[in-house]
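Me: I have a structure to go through and some short questions about it. Can you keep the answers plain?

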Amino acid sequence: MTTTLPTVLVSTDWVAQHATDAGVRVVEVDVDTSAYDQGHIPGAVGWNWTTQLCDTLVRDIVPVKALEDLLGAAGIDNKTTIVLYGDNNNWFAAWAFWQLKIYGHDDVRIMDGGRKKWVAEGRELAKDAPQIQKKSYKAKTADTSLRAFLPEVQSAVAGKKAALVDVRSPDEFTGKILAPPGLPETCQRGGHIPGAKSIPWGKNCNDDGTFKSFDELKSMYAAQGVTGDQPVIAYCRIGERSSLTWFVLKHLLGFDDVKNYDGSWTEWGNLVGAAVEKP
Amino acid sequence: MFCVFRGFCVDRRPFMKPEDHSRRQVELAGWPVTIETYKLGEVYHCTIANVDPGARFARADGATKEEAESRAIEKATKYLAQTRRFPTA
């Protein structure tokens, strides 16, 4: 673990000064895929999580060739510093971060506070996409140690081999609702995976969208028995909120063995015969 | 510098600063939500997010703040009405 300022976070000030530097590419990834067009950080490119950060045929993360093409088209090569930011306190920025780490990109960072902080500070926005010179990108072999699949989660539940962290809202955890208010219901049953701890993703963040301090985060997770002494598996509904918690545990707190279960509740809550705990 | 896009006068200056930014919590259809609005160029942008977990699920633009917010609220109210509550006991 480290108690120093993580190198994976950059401030809005840093981005204002370096967004258009050679070797730096700022990328906006939002839940609301139209947000980029409403105005984005000058020089930033926008990625659509529904079409560019997933496999659009089968349910999976972005295929390696599609990722290489996406990065190359964004003017990113293997040495580029990628700075991600987005709405909802960086939900899908963290989703992109997680996938970029799976494919081995060295220098990926998140802008602390995300889009909310940038806009609240009244900083400049652009409506036009930047002119980009394409580059060539070669991804590394996917690091599956960052990702949990269903059999591993089932094994962890049966053998109590990992700390399961449910990062959804308390109402989703108890099964009172099947999806966040206003969003489509995407599961057949409500509740949570047996043995999971409820630690909503929002507890990682301050009101301005920045991440809480190392000490605050460490205390919060320790109070729930999540200390990094055993493997951790984070999940939510579709894997994006849990990628933010994965980022916190892996890169801000420095836990060794943390996985994002991106199948999450839309997989578990639709499985025939799967054990469900309520409330 | 200006052109008409989807009925709005769109400012094509390369960089603009958001103005008249506001953020408040209200209750819609029985759910607490956050309404965030700002003006960029000549267009007001409004987004509505649920308070917990904080997901943006409705947005709209308008020539005035009131217009953008009323359009977004109309959409949000419709979506929220479809969220069911289940017994947990």
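Me: How many residues does each chain put into the contact?
Reply: Chain B gives 28 residues and chain A gives 35. Two residues are in contact if their C-beta atoms, placed from the backbone, lie within 7 Å. This is a predicted model, where local features need pLDDT of at least 70, side-chain atom pairs count only at pLDDT 80 or more, and totals for chains, interfaces and linings use all residues. Residues are numbered from 1 along each chain as its sequence is written, while chains are lettered from A and ligands numbered from 1 in the order in which they are written.

Me: Which elements of chain B give two or more residues to the side that touches chain A?
Reply: They are β4 (31-40), β5 (43-50), β6 (56-62) and α1 (65-80) of chain B. Helices (H or I, at least four residues) and strands (E, at least two) are DSSP runs, numbered from the N terminus.

Me: And which gives the most?
Reply: β6(B), with 4 residues.

Me: How do the residues on that side of chain B divide?
Reply: Into 15 nonpolar, 7 polar and 6 charged. Ala, Val, Leu, Ile, Met, Phe, Trp, Tyr, Cys and Pro count as nonpolar, Asp, Glu, Lys and Arg as charged, and the others, Gly among them, as polar.

Me: New topic. How many helices and strands are in chain A?
Reply: Chain A has 9 helices and 9 strands.

Me: What is the strand order in the open sheet of 4 strands?
Reply: In chain A the order is β7-β6-β8-β9, and the pairing is parallel. Two strands pair if DSSP finds at least two bridges between them.

Me: Which strands stand at the edges?
Reply: β7 (197-198) and β9 (258-260) of chain A. Each has a single partner strand, so one side of each has no neighbour in the sheet.

Me: How many bridges join β6(A) and β7(A)?
Reply: Strand β6 (residues 163-166) of chain A pairs with β7(A) over 2 bridges, in the parallel sense. D166(A) is opposite S198(A) in β7(A).

Me: Now helices. At what angle do α3(A) and α8(A) pack?
Reply: Helix α3 (residues 87-102) and helix α8 (residues 240-252) of chain A pack at about 70 degrees, with axes 7 Å apart. Axes are lines fitted to C-alpha atoms, for helices over the stretch in contact, and angles run from 0 to 180 degrees between N-to-C directions.

Me: Which residues of α3(A) and α8(A) make the contact?
Reply: Among them are W91(A), W95(A) and W98(A) of α3(A), and L244(A), W246(A) and F247(A) of α8(A). The residues of this contact divide into 9 nonpolar, 2 polar and 2 charged.
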